[in-house]
Amino acid sequence: MSRPIEDFALIGDHQTAALIGRDGSLDWLCLPRFDSAACFAALLGDEQNGHWRVAPKDAEGSCTRRAYRGDSLVLDSEWDTDEGSVRVTDFMPQRDRAPDVVRIVEGLRGSVTVRSTLRLRFDYGSVVPWMRKVDGHRVAVAGPDSVWLRSEPEVHTWGRDFGTYSEFTVEEGQKVAFVLTWHPSHEPRPPVVDPYESLRHCLEDWHAWSSRCQYDGPYRDAVMRSLITLKALTYAPTGGIVAAPTTSLPEEIGGVRNWDYRYCWLRDATLTLGALLMAGYLEEAEAWRDWLLRAVAGSAADLQIVYGLAGERRLPEYEVPWLSGYEGSTPVRIGNEAVEQLQLDVYGEVIDSLALAQRSGLTTHPPGWNLQLGLLEFLREKWREPDQGLWEVRGPGRHFVYSKVMVWVAADRAVRALEENPELRGDPDRWRELRDEVHREVCEKGFDPDRNTFTQSYGSTELDASLLLIPHTGFLPPDDPRVIGTIDAVRADLTHHGLLRRYTSDQKEIDGLPGTEGTFLVCSFWLVDALHMTGRTKEACELFEHLISLRNDVGLLAEEYDPVSGRQLGNFPQAFSHIGLVNTALALFREETEK
């Protein structure tokens, strides 16, 4: 049986990330990048697919307690045993050249025997490397990958059954540090890092970064942890932010809705920029905006919904048959074929994010306006076509209402830009005409007057949580009866044990896939926003407090939550969920923080 998704904590170095369970086992790590092949893949299989556990020798279950050290990504896990207490501190230093994982064992009380069990399995758990000893260090090599393992001081270490074991005893105040370093196998070994100096620098860097946060309102710890998580999911060399550091954690235990989220979605652009800007992180916002401009450069007809960490366009999807999947949830997928879909809302989100960057005072990029004009021209020709929509359905295309609303957003932001900056090239009447035409059609074809609600798509009776974003976009004001009716209808139809699903429970008809899924956390944050915008702030605060309570013990959220089993579902931790938390807190408590 796999550990619950919420049992895991995250460490990372802004280029990749690892998941460590409450039992001290590192069960997921891709090296050297988020989207590289995993060398520890027990998360999606079993221990034979690669893991690294450091814990008291006789400890079979979870640690006694764990927490991040202040506002950082340094994880402390402590065990109390009959013999004494011990702490394991896990982190990944910001890399100079090669990625390192540092695990420091420290005796707190008594005398505790600790065991390290290391099983390296390159290429998603399929390749057992050669392991040899060089100058007291263990070196693993297979194909393009090489990993060095060393301890300070050197401890008793041996090999058995394709694993590497270490065992030692620590008393109060004694420390043993393990350092695992990856590098390309054809290159020389990277310089050795000092684990204790690396810890000091890591804490200093995180505390300096977190001190820049301008939010000082209610639930600051939750907001700060979400911002730290977003920073951890940022690929520092390019500024791109991955949706999650994992692939194929299921939306339904035992189901097939298992996707690779280790890429950068354009849809996240506006919400991410808003969260970073409002929290005071202009440097990160500018890096994300610049990544966006580089990624989408070229013909508007070639715009994709998702790109690689550096803007790569080819993300071929395939299945990994040797991994049994999280709790038997197969297939395990690498890559994401949604890259081929037409999703009209993305065009509006890109233009909206660039408009937000301009309003917020980020450095302007002259090519940015030309890009927006190209996107608008494409929309003008294509907006009447069906698409796959916000949720990337793999069934037939539809005229999704949210997609059309975002076409309206694209035209609206262009009109505003031209009105505010007459020197810009373009005809505002041209885009005003498009804006008005889209608005009329959505209100005619996407609204059900009998139920007083907008619908998921033209001619449909189904509802969709994305409709809650209508007042946020400015398509209609929050006090419009159609907006209030839509919020009430979505809440009534899609609520499942107090939280929102994305859309109807009869999902196969919509997305072409069997099975079901949990409630989608960001949708419930959207409901909080919608309630607050329509004057129901008390209800909004109550729902927000409930959502905050769903985080795991170290403040992390997956994509979805099953309120029946009380388990998190989907890839973890999920940027979209944490973006929702930050933006909702900043909107909900803005007046309190401005007093």
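In the predicted model, helices α8 and α9 cross in a left-handed manner. Their packing angle is about 155°, and the two axes lie 8 Å apart. Because angles over 145 degrees count as roughly antiparallel, the pair α8 and α9 is therefore described as roughly antiparallel. On the side of α8, the contact is made by Val401, Lys404, Val405, Val407, Trp408, Ala411, Asp412, Ala414, Val415, Leu418 and Glu419, and these residues meet Pro428, Trp431, Arg432, Leu434, Arg435, Val438, His439 and Val442 of α9. When the residues of this contact are divided by class, 13 are nonpolar, one is polar and five are charged.

Helix α8 also packs against α6, where the two axes come within 7 Å of each other and cross at roughly 35°. The crossing of α6 and α8 is likewise left-handed. In this contact, Asp345, Gly348, Glu349, Ile351, Asp352 and Ala355 are contributed by α6, while Tyr402, Ser403, Met406, Val409, Ala410 and Arg413 are contributed by α8. By class, the contact of α6 with α8 consists of six nonpolar, two polar and four charged residues.

Both α6 and α8 also take part in lining open space in the model. The largest pocket has a volume of about 630 Å³. Its lining comprises 24 residues, of which Leu271, Met278, His472, Asn583 and Arg590 are the closest to the centre of the pocket. Two or more lining residues are given by each of α4 (269-279), α6 (345-359), α8 (401-420), α10 (470-473), α13 (521-533) and α15 (575-588). Among the elements that line the largest pocket, α4 gives the most, with five residues. Nonpolar and polar residues are represented by nine each in this lining, together with six charged residues.

The second largest pocket holds about 460 Å³ of space. It is lined by 23 residues, and those closest to its centre are Leu354, Ala355, Gln358, Trp369 and Gln372. The elements that supply two or more residues to this lining are α5 (282-296), α6, α7 (366-382) and α8. Here α6 gives the most, with six residues, and the lining as a whole has 10 nonpolar, seven polar and six charged residues. Ala355, listed among the residues closest to the centre of this pocket, is also one of the α6 residues that meet α8.

Enclosed space was examined as well, and five cavities of 30 Å³ or more were counted. In the largest cavity, about 360 Å³ of space is found. Of the 23 residues that line this cavity, Tyr261, Trp391, Glu392, Arg502 and Glu559 lie nearest its centre. The lining of the largest cavity is made up of 12 nonpolar, two polar and nine charged residues.

The second largest cavity has a volume of about 150 Å³, and its lining is formed by 13 residues, with Thr270, Leu271, Glu349, Tyr402 and Leu469 lying nearest the centre. At least two residues of this lining come from each of α4, α6, α8 and α10. By class, the lining of the second largest cavity divides into seven nonpolar, three polar and three charged residues. Several of the central residues recur elsewhere in this description: Leu271 is also listed among the residues closest to the centre of the largest pocket, and Glu349 and Tyr402 both belong to the contact of α6 with α8.

Some features of the backbone were also noted. The peptide bond that leads from Glu152 to Pro153 is cis, with omega near -5°, and Pro153 is placed in the loop between β12 (145-152) and β13 (156-160). A cis peptide bond is likewise found from Phe572 to Pro573, where omega is near -20°. Pro573 lies in the loop between β28 (567-569) and α15, and α15 is one of the helices that give two or more residues to the lining of the largest pocket. Finally, His14, a residue other than glycine, has a positive phi, near 70°, and is located in the loop that joins β1 (9-12) and β2 (17-20).

Notes
Residues are numbered from 1 along each chain as its sequence is written. This is a predicted model: local features need pLDDT of at least 70, side-chain atom pairs count only at pLDDT 80 or more; totals for chains, interfaces and linings use all residues. Side-chain values use heavy atoms; hydrogens and water are left out. On a 1 Å grid over the protein atoms alone, a cavity is a set of points where a 1.4 Å probe fits but cannot get out, and a pocket is an open set with protein on both sides within 12 Å along at least five of seven lines; lining residues have an atom within 4 Å of a point. Grid points are joined across faces, edges and corners, and a volume is the space filled by probe spheres set on the points. Helices (H or I, at least four residues) and strands (E, at least two) are DSSP runs, numbered from the N terminus. Ala, Val, Leu, Ile, Met, Phe, Trp, Tyr, Cys and Pro count as nonpolar, Asp, Glu, Lys and Arg as charged, and the others, Gly among them, as polar. Axes are lines fitted to C-alpha atoms, for helices over the stretch in contact, and angles run from 0 to 180 degrees between N-to-C directions. Angles under 35 degrees count as roughly parallel, over 145 as roughly antiparallel, 65 to 115 as roughly perpendicular and the rest as oblique. A crossing is left-handed if the near helix is turned anticlockwise from the far one by less than a right angle, and right-handed if clockwise. Contact means heavy atoms within 4.5 Å.
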